[in-house]
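Got a model open and not sure how to read its packing? Let's walk through it as a chat between a learner and a teacher.

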Amino acid sequence: MAYENIDAELINELLGDGRASLRSLAEELDVSVTTISNHLQELEEEGVITGYTPIVDYDKLGYDVTAVLQLKAEGGSLPDLAERLGAHDQMISVYEVTGNYDIIAIGKFHDTDHMNTLIKELLGDADIAESATSVVLNATAENEQFDLNTD
């Protein structure tokens, strides 16, 4: 393997199996275990790889409702509001965005009552000027990651 692509190839292998052993990664990439270990350590130290986590199917755990919340923030409250939203257990993604709204937040809920409770709580927040909520009917792609180009 050409060493200029080893980091991308290593990341691609880990995307396929985050629990792969150093030995199996070395065999797959045709380099030494030490080389894999060193590159992996560098990727972690540089913050390229920030952790290893399972991909959870929330539907199978009873979180049957996914909601997309669009929020307008009052004045200069955007960073604080986004941080507070991100601290909610049910929020799986929170983005500061351009366009008609300032924040897009995606949450997972057991049911519409559970979702409604959080939305009512949020609407009581003085930093939220306006909101719109959409319930996801079908997720065709979710939690997807993509392989890095190694050409």
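What follows is a short dialogue on a predicted model, going from helix pairs to the sheet and then to an aromatic pair.

Q: How are two packed helices described?
A: By two things: the angle between their axes and the distance between those axes. Take helix H2 (residues 22–29) and helix H3 (residues 33–45): their axes come within 8 Å and cross at roughly 105 degrees. Angles of 65 to 115 degrees count as roughly perpendicular, so H2 is roughly perpendicular to H3.

Q: Which residues make the contact of H2 and H3?
A: On the H2 side you'll find Leu 22, Arg 23, Leu 25, Ala 26 and Leu 29, and H3 brings Val 33, Ile 36, Ser 37 and Leu 40. Sorted by class, that contact has seven nonpolar residues, one polar and one charged.

Q: At what angle do H1 and H3 pack?
A: Helix H1 (residues 6–16) packs with H3 at about 85 degrees, the axes being 10 Å apart. H1 and H3 are therefore roughly perpendicular to each other. In H1, look at Ile 6, Asp 7, Leu 10, Ile 11 and Leu 14; they meet Thr 35, Ile 36, His 39, Leu 40 and Leu 43 in H3. Here the split is seven nonpolar, two polar and one charged.

Q: Now the sheet. What is the order of its strands?
A: It's an open sheet of four strands, ordered S2-S3-S1-S4, and the pairing is antiparallel. Strands S2 (91–96) and S4 (128–135) stand at the edges with a single partner strand each, so one side of each has no neighbour in the sheet. From one strand to the next, the twist averages 20 degrees.

Q: How many bridges join S2 to S3?
A: Five bridges join S2 to strand S3 (residues 103–109), and the two run antiparallel. For a spot to click on, Met 91 stands opposite Gly 107 in S3.

Q: Which helix packs on the sheet?
A: That's helix H4 (residues 78–87), which touches strand S1 (65–73) as well as S2, S3 and S4. The direction of H4 makes about 165 degrees with that of S2.

Q: How many aromatic pairs does a search of the whole structure find?
A: One. The partners are Tyr 58 and Tyr 63, with ring centres 5.8 Å apart and 90 degrees between the planes. Planes over 60 degrees apart count as edge-to-face, so that's the label for Tyr 58 and Tyr 63.

Q: And why does Tyr 58 count as partly exposed?
A: Because its relative accessibility is 30%, and partly exposed covers the range between under 20% for buried and over 50% for exposed.

Notes: Residues numbered from 1 in each chain as written. Predicted model: local features only at pLDDT ≥ 70, side-chain atom pairs only at ≥ 80, totals over all residues. Heavy atoms only, no water. Pairing = 2+ DSSP bridges. Axes fitted to C-alpha atoms, helices over the stretch in contact; angles between N-to-C directions. Contact = heavy atoms within 4.5 Å. Parallel < 35°, antiparallel > 145°, perpendicular 65-115°, else oblique. Nonpolar A, V, L, I, M, F, W, Y, C, P; charged D, E, K, R; others polar. Phe/Tyr/Trp six-rings, centres within 6.5 Å; stacked < 30°, edge-to-face > 60°. Buried < 20%, exposed > 50% of the residue type's maximum accessible area, 1.4 Å probe, protein only.
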